[in-house]
Amino acid sequence: MPLRLNPTFRDRLAGADRTLFGGWICSGSPVAAEIMAGAGLDWLLIDMEHAPNGLESVLTQLYAVSGYSSTPVVRVPEGETVVIKQVLDLGAQNILVPMISTSDEARAVAAMTRYPPTGKRGVGSALARSARWNRVEGYLHEDAEHVSLFVQIETAQGVENARSIAETPGVDGVFVGPSDLAASMGLIGQQTHPDVVAAVKRAFAAVAAAGKPLGVNAFDPAAVRDYAAAGARFMLVGADVALLARGSEQLAQTYIGNTDPGPPASY
């Protein structure tokens with residue numbers, strides 16, 4: 001009997017009647033990934049951009065979360081043809097591409113996720129986990145059904161182009177990164193600054209007008225509630241390394257006292 005792959009993150013969002021909340025896997029650890037997956041979060045971001053992840057460690061994390069209901073999304077380090085091809089061949093069905101500021105950039109990465117003639121993804125499904133070594137019937141001709149692409153707006157230019165980016169064929173949703181957006185606005189480290197929040201919400205409105213789901217990361221509970229009310233369909237609300245850092249600091253403070261963990265991390 002032919003194998004069937006899990007629904008994509010695009011499909012989960014389409015069927016959801018609430019915001020989907022996720023966790024960021026930054027440690028590169030399959031153990032941490034499985035712990036997060038078993039917590040009941042809707043989705044997980046396996047990060048290759050700002051985390052010590054290569055192809056092998058991403059594969060082990062995909063294995064680790066595969067038995068749970070959380071949907072994994074892999075953030076590639078850049079919109080590069082070979083990297084995207086390799087990550088898709090690992091069996092990642094959902095990818096997030098950072099630093100997309102124009103519709104031309106969005107169109108280019110969309111082509112990297114599709115086989116010819118609509119795209120330029122290299123054909124290797126018989127050799128790869130993506131099609132379960134040719135056990136997924138029709139994978140080559142139905143690749144668009146098995147892969148969802150999300151792009152990340154992280155610059156002031158991207159905010160201005162948000163609607164055209166969202167309308168790009170092959171783009172299934174847009175994720176806004178307030179930290180890099182703040183930096184591009186001359187407000188580095190101030191992702192909750194009113195001007196940054198206003199820019200995020202402008203991107204929200206533009207993406208919603210294009211009929212695509214939009215997401216954002218926000219670790220502050222007040223910001224989470226505000227962005228959810230503003231229409232965020234999916235959100236990152238915590239990270240494995242941040243949970244470990246804050247939890248271990250609390251242990252030290254509780255049992256040793258008079259510790260100075262330094263300034264809180266900014267996301």
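This briefing covers the aromatic ring pairs around F9 and the surroundings of S101 and T102. The model is predicted, so that local features require pLDDT of at least 70 and side-chain atom pairs count only at pLDDT 80 or more, while totals for chains, interfaces and linings use all residues. Residues are numbered from 1 along each chain as its sequence is written, and side-chain values rest on heavy atoms, with hydrogens and water left out.

**Aromatic pairs**

- The structure holds 10 aromatic pairs, where rings of Phe, Tyr and Trp (its six-membered ring) pair if their centres lie within 6.5 Å, with planes under 30 degrees apart counted as stacked, over 60 as edge-to-face and the rest as tilted.
- F9 and W43 form one such pair, which is tilted, at 5.1 Å centre to centre and with 35° between the planes.
- This pair links distant parts of the chain, since F9 belongs to helix α1 (residues 9-15) and W43 to strand β2 (residues 43-47), 34 residues apart; helices (H or I, at least four residues) and strands (E, at least two) are DSSP runs, numbered from the N terminus.
- F9 counts as buried at 1% relative accessibility, and W43 likewise counts as buried at 1%, where buried means under 20% relative accessible area, exposed over 50% and partly exposed in between (1.4 Å probe, protein chains only).
- The rings of F9 and F150 have centres 5.5 Å apart and planes at 55°, so this pair is tilted.
- Because F9 lies in helix α1 and F150 in strand β5 (residues 148-153), the pair ties together parts that are 141 residues apart in sequence.
- F150 is buried, with a relative accessible area of 2%.
- Ring pairs link F9, W43, F150, F175 and F234 into a cluster.

**S101 and T102 in the loop between β4 and α5**

- S101 is placed in the loop between β4 (94-97) and α5 (103-112), and is buried, with a relative accessible area of 7%.
- The side chain of S101 makes a polar contact with the side chain of T155 at 2.7 Å, a polar contact being a pair of N or O atoms within 3.5 Å; within protein, one must be able to donate a hydrogen and the other to accept it, and residues adjacent in sequence count only if both atoms are side-chain atoms.
- Leaving aside neighbours within four places in sequence, S101 is in contact (heavy atoms within 4.5 Å) with T155, Q157, G158, N161 and I165.
- T102 is found in the loop between β4 and α5 and counts as buried at 19% relative accessibility.
- T102 touches Q157, N161 and I165, not counting residues up to four places away in sequence, and the C-alpha atoms of T102 and S164, 62 residues apart along the chain, are separated by 7.6 Å.
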